[in-house]
Amino acid sequence: MSSDDLTEARGTQMPDEETDAFLREQGFGALALSDGGRSYAVPVSFGYDEERERCYFSLVRFGDDSEKLRFAETTTSAALLCYAVESRFEWRSAVVRGPLEPVPEDERDHVESVMDDNAWFPSLFPPSEPITAVERVALVIEEVSGRHSG
């Protein structure tokens, strides 16, 4: 593989402003969680709040148990991956890392506003499993990196 091929595969770092814009536009990704030596990733919608340096999630529980909520409780540092791929030569991605914390009750309106601004929500949930809880969680941003093709 030539050095040009490697550069193309790795892409180039996005400026901070471009990474912020991408995270605001995207509104969905995969949230990676861990519990000791076990890992778990789940697709999520999120609201990006660059002023407060947070990504907000509504983690939904169906039925009596939730693997994602169990993992969220034990994760010391989560990772959110967002990406958009137009072709193998045109793509963007961003990774956000940091601890998770519950959203305090007095911040719920702010979180809902941020999520309304840029989160993407699927329109259907399985009717056979009713929603039994919604936990609002914030990823406290400690590190952000963005890359894009060429």
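The predicted model has a chain-average pLDDT of 84, and 82% of its residues score at least 70. Confidence is under 50 over residues 1-7, a stretch for which the model has one contact beyond four places in sequence.

Six strands form an open sheet in the order E1-E10-E7-E6-E2-E3, and their pairing is antiparallel. E1 and strand E3 (38-45) are the edge strands, each pairing on one side only. In general, the strands of a sheet are paired through backbone hydrogen bonds, in either a parallel or an antiparallel sense. At one edge of the sheet, strand E1 (residues 12-13) is joined to strand E10 (residues 143-148) by two bridges, the two strands running antiparallel. Within this pair, Thr12 has His148 of E10 as its bridge partner. E10 is also joined to strand E7 (residues 90-98), in this case by six bridges and again with antiparallel strands. Here His148 of E10 stands opposite Arg92. His148 therefore faces Thr12 in one pairing and Arg92 in the other. At the other edge, strand E2 (residues 28-35) and E3 pair in the antiparallel sense over eight bridges. In this pair, Ser34 is placed opposite Ser39 of E3.

Nonpolar side chains in soluble globular proteins tend to be buried together. In the present model, the largest nonpolar core contains 25 residues, of which Leu31, Phe46, Cys55, Phe57, Leu80, Leu100 and Leu139 touch the most other members. At least two residues of this core are supplied by each of helix H2 (16-26), E2, E3, strand E5 (54-62), H3, strand E6 (78-87), E7 and strand E9 (131-140). E6 provides the largest share, with four residues. A second core, separate from this one, has seven residues, including Tyr56, Val111, Val114 and Ala138.

The surroundings of Leu139 were examined further. Apart from neighbours within four places in sequence, Leu139 is in contact with Leu31, Cys55, Phe57, Leu80 and Leu100, among others. These five residues are also listed with Leu139 among the core members that touch the most others. The contacts of Leu139 further include Glu53, Arg54, Ala78 and the run Val96, Arg97, Gly98 and Pro99.

Helix H3 (residues 67-74) has Lys68, Leu69, Phe71 and Ala72 as its buried residues. These residues lie on the same side of H3, because they cover an arc of only 160° around the axis.

Notes:
Residues are numbered from 1 along each chain as its sequence is written. This is a predicted model: local features need pLDDT of at least 70, side-chain atom pairs count only at pLDDT 80 or more; totals for chains, interfaces and linings use all residues. Side-chain values use heavy atoms; hydrogens and water are left out. Buried means under 20% relative accessible area, exposed over 50%, partly exposed in between (1.4 Å probe, protein chains only). The arc is that of the directions from the helix axis to the C-beta atoms. Two strands pair if DSSP finds at least two bridges between them. pLDDT is the predictor's confidence in each residue, from 0 to 100. Contact means heavy atoms within 4.5 Å. A nonpolar core is a set of buried Ala, Val, Leu, Ile, Met, Phe, Trp, Tyr and Cys residues joined through side-chain atoms within 4.5 Å.
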